Amino acid sequence: IHAPAAALMRLWGEPSVWIGRLPSAVAGLAGALAAYALGLALVGRRAALLGAVGLLGMPGYAVLAREALPDMALCASILLSCVGLTLAMRRDGVRSVLALAFAGACAGVGVLAKGPYGLLFPLFFALLAPVGRSDWRRPRSGWLVFAAGALAAVSVWAVPVYLRDHGGYL
């Protein structure tokens, strides 16, 4: 969450508390939209809308969205990863592969934000969400695409860090 804030401040030209908090606020909105998308897939339009609006109204969620902390990036990345998994489990073909790559990349961002929780929750979601849904299928060989997406997201950060100090930070 700090890298986008630093990039935005560089573009802005000077340090700003507002700019520093902007990535977290955007992640909060993205998380609410992802909660809506998950609600549409799982329970229907009305419940999805109530859930997304309720999420935005939760005091803890709103407080974290206003702070420059990695928690909101973790929450949004987990929810977006679950949206990608939902799309992959409901479709076949190229769209399913792209959805798995997206889900993996979002899980990788979650790993960068707060560690292995970014992977654990989407994996549990993929195991439990299809229960009782005959039209949903768990990915079989698609896990390789999911893993490639996660590794690609992590490597965007890890490779430059490794090249900078030859692995001292890692």
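## Serine 81 and its surroundings

In this predicted model, S81 is part of helix α5, which covers residues 71-90. The residue counts as buried, because its relative accessibility is 0% and the cut-off for burial is under 20%.

The side chain of S81 has a polar partner: one of its polar atoms lies 2.9 Å from the backbone oxygen of A103. Leaving aside residues up to four places away in sequence, S81 touches A103, C106, A107, P122 and F146. A103 therefore appears both as the polar partner of S81 and in its list of contacts.

## Cysteines

C106, one of the residues that S81 touches, also bears on the matter of disulfides. A disulfide is a covalent bond between the sulfur atoms of two cysteines. How many disulfides does the count come to? The count comes to zero, the rule being that two cysteine sulfur atoms must lie within 2.5 Å. C75 is in no disulfide, and the nearest cysteine sulfur to it, that of C82, is 10 Å away. C106 is likewise in no disulfide; here the nearest cysteine sulfur is again that of C82, at 9.8 Å.

Is each of these two cysteines buried or exposed? C75 is classed as partly exposed because its relative accessible area is 24%, a value between the limits of 20% and 50%. C106 counts as buried, since its relative accessibility is 9%.

## Helix α2

Helix α2 runs over residues 17-42 and has 26 residues. From its first C-alpha to its last it reaches 38 Å, close to the 38 Å expected at 1.5 Å a residue. Within the helix there is a bend of about 30 degrees at P23.

Both ends of α2 can be described. At the N-terminal end, S16 acts as a cap, with a side-chain oxygen 3.3 Å from the backbone nitrogen of W18. After the helix comes G44, whose phi is positive, near 125 degrees.

## The chain as a whole

The protein chain contains eight helices and zero strands, and along the sequence its pattern reads α-α-α-α-α-α-α-α. The C-alpha trace spans about 55 × 40 × 25 Å along its principal axes. The radius of gyration is 17 Å, which agrees with the value near 15 Å for a compact globule of 170 residues.

Of the 170 residues, 36% count as buried. Among contacts with a separation of 6 or more, 66% are between residues 24 or more positions apart.

Definitions and conventions. Residues are numbered from 1 along each chain as its sequence is written. This is a predicted model: local features need pLDDT of at least 70, side-chain atom pairs count only at pLDDT 80 or more; totals for chains, interfaces and linings use all residues. Side-chain values use heavy atoms; hydrogens and water are left out. Helices (H or I, at least four residues) and strands (E, at least two) are DSSP runs, numbered from the N terminus. The expected span of a helix is 1.5 Å times one less than its number of residues. The bend at a residue is the angle between axes fitted to the seven residues ending there and the seven starting there. A polar contact is a pair of N or O atoms within 3.5 Å; within protein, one must be able to donate a hydrogen and the other to accept it, and residues adjacent in sequence count only if both atoms are side-chain atoms. Buried means under 20% relative accessible area, exposed over 50%, partly exposed in between (1.4 Å probe, protein chains only). The radius of gyration is taken over C-alpha atoms; the globule rule is 2.2 Å times the number of residues to the power 0.38. Contact means heavy atoms within 4.5 Å.
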